[in-house]
Amino acid sequence: MTLRRRLVLSIVALVVAVSAVIGAGSILALASIQRSAIDQQLQYATSRAQRSVEQQQGGGSPGIDIGRPSGQAAGTLTVYFLNGDVAVGTVLDNDGAVDRIGTDVVRPLGGVTVDGLAHTVDLGGDLGRYRVTAVSLGTAVLVVGLPMAPVYESVWKLLGVVLVVTVLALLVASLVAAVVVRRSLRPLERVAETASAVARMPLERSDALDGVRVPDTDPRTEVGRVGTAFNRMLGHIGNAMQARERSEQKVRQFVADASHELRTPLASVRGYAELTRRMGGDLPPDVVYAMGRIESESLRMTSMVEDLLLLARLDEGREVQFAEVDLTGLVFDAVNDAHAASPAHEIAVEVPDEPVVVPGDAARLHQVIVNLVTNARTHTPDGTRITVGLAPAAGGVDLTVRDDGQGIDPEFLPKLFERFARADSSRSRSAGSTGLGLAIVDAVVQAHGGTVSVASVPGDTVFTVHLPSTRPVVPADVVAATA
Ligand SMILES: Nc1ncnc2c1ncn2[C@@H]1O[C@H](COP(=O)(O)OP(=O)(O)OP(=O)(O)O)[C@@H](O)[C@H]1O
Ligand SMILES: [Mg+2]
């Protein structure tokens, strides 16, 4: 349940409870006040009736007319018992007329204790409940009663009023509570919105959090304190990200500088080795062999250093110059080179008739195709069939390099695009592989705003590069556009 709903429900429940207590208290008080009033009147009515009967007894009249006393209220019940049996029972109706009541109806009143106190008796029928008092007059007993109906009537009326007022109070309370609670919780909602916005953000760049702040920071309110703490936390995260970015930047810079610096001495080593080999007629064969190894290893190291330098530059977001690139042409170039390098492989091309053009860096995309095709021919046995395809796909172009070689170990697949990742280290290393080829493919494709994926089962390995038909929006462009 939301906090808002819980608060509103609590307030409404409180109003109901308070109304119930007040209502019940009022009703009980009213009932008791009314009953005291009736008892008081009953006392007067009894004295009046008693006096009247005593006068008649004294006057020696043959019958007793108990309906006679004046001043009795409508509904007053008078019963005269003589020798324990009902002599006469009357009730005053609303018009002031004296009505006789059947002896059966009033016989239960013979059981009322003759003590001059008020008792409640249910007479049933039209009469209902009565407060009655019995007094003895020699051998006779006089019972006088007043109806309880008015008490019940006012109690019912009050109950109705209490219910109506409670319902109204409930409506007003829930409306007011909803508005007040909503208004008080709005700052909290803003904090929650900011928090979930931050949670959705890709926090890759340190400036991602710039300007993301909660507006409610009044330290006098609870929500304001939460907002202040939240903003401070965002600041800390931003700083931590900046620090991480700086150290990553340093590492990249170091790799780039180191690779760059290594190129010159490597070129010298290679040059001297080649020179020595050329004039090697009178050198012992094992020295010639050693010089050949130096030359080939320095070549391998040169290409590794070039790859590292390229990766470092791609990481920095440099090294990609966009222009219209004819992918079809690049595919044919790469396949022709592969034919020449591996005549034992069967290499086919499946491209549309019209040239496929995407925005990109021709040299880098050429490298992507070459790396994929080289993998397909160097990591598979002779006779493997390789198919390079180009096809339009949603929002761009799909370049696929498929081979029917032995496939890639499924356990190795998730690490395939990592740097220096090689599935079969011993064999590949002898073949001069470094494990940087697919890392470069991944970095170049990402720099083009595309994606690369692989699916491999024995007999069918497909690398799919998706390149978008529009240039990716790089942060530098965003800054330039908004400036
Ligand atoms: N088509 C393929 N068939 C089988 N295995 C493959 C294929 N493509 C890549 N692999 C495996 O993935 C590994 C990583 O490939 P990647 O191109 O990154 O490095 P590499 O080819 O070993 O070295 P480099 O390309 O840097 O010279 C390879 O060592 C190989 O084990
Ligand atoms: Mg490779």
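These questions and answers cover the ligand site and one hairpin of a predicted model.

Reader: Which pocket does ligand 1 sit in?
Author: A molecule sits in a pocket if more than half of its atoms lie within 2 Å of the grid points. Ligand 1 meets that rule in the second largest pocket.

Reader: How much of ligand 1 does the protein bury, and what polar contact does the side chain of D403 make?
Author: The cut-off for a polar contact is 3.5 Å between N or O atoms. An N or O atom in the D403 side chain lies 2.9 Å from a nitrogen atom of ligand 1. Alone, the ligand exposes 600 Å², and the protein buries 92% of that.

Reader: Which residue offers a backbone atom to an oxygen atom of ligand 1?
Author: N375 uses a polar side-chain atom, 2.8 Å from a ligand oxygen. The backbone N or O atom, 2.9 Å from an oxygen of ligand 1, belongs to L436.

Reader: Which helices each supply at least two residues of the shell around ligand 1?
Author: The shell has 20 residues, with N375, H379, S433, T434 and L438 the closest. By class, 9 are nonpolar, 8 polar and 3 charged. The helices are α7 (362–378) and α9 (437–447).

Reader: What is the bridge partner of V121 in β5?
Author: Strands β4 (residues 119–122) and β5 (residues 129–137) run antiparallel, joined by 4 bridges. They form a hairpin with 6 residues between them, and G124 in the turn has a positive phi of about 70°. Across the pair, V121 is matched with Y130.

Notes
Residues numbered from 1 in each chain as written. Chains lettered and ligands numbered in written order. Predicted model: local features only at pLDDT ≥ 70, side-chain atom pairs only at ≥ 80, totals over all residues. Heavy atoms only, no water. Near = heavy atom within 4 Å. Polar contact = N/O pair within 3.5 Å; in protein donor to acceptor, adjacent residues only side chain to side chain. Areas by Shrake-Rupley, 256 points an atom, 1.4 Å probe, with all protein chains shown as cover. 1 Å grid on protein atoms, 1.4 Å probe; cavity = no way out; pocket = protein on both sides within 12 Å on 5 of 7 lines; lining within 4 Å. Nonpolar A, V, L, I, M, F, W, Y, C, P; charged D, E, K, R; others polar. Pairing = 2+ DSSP bridges.
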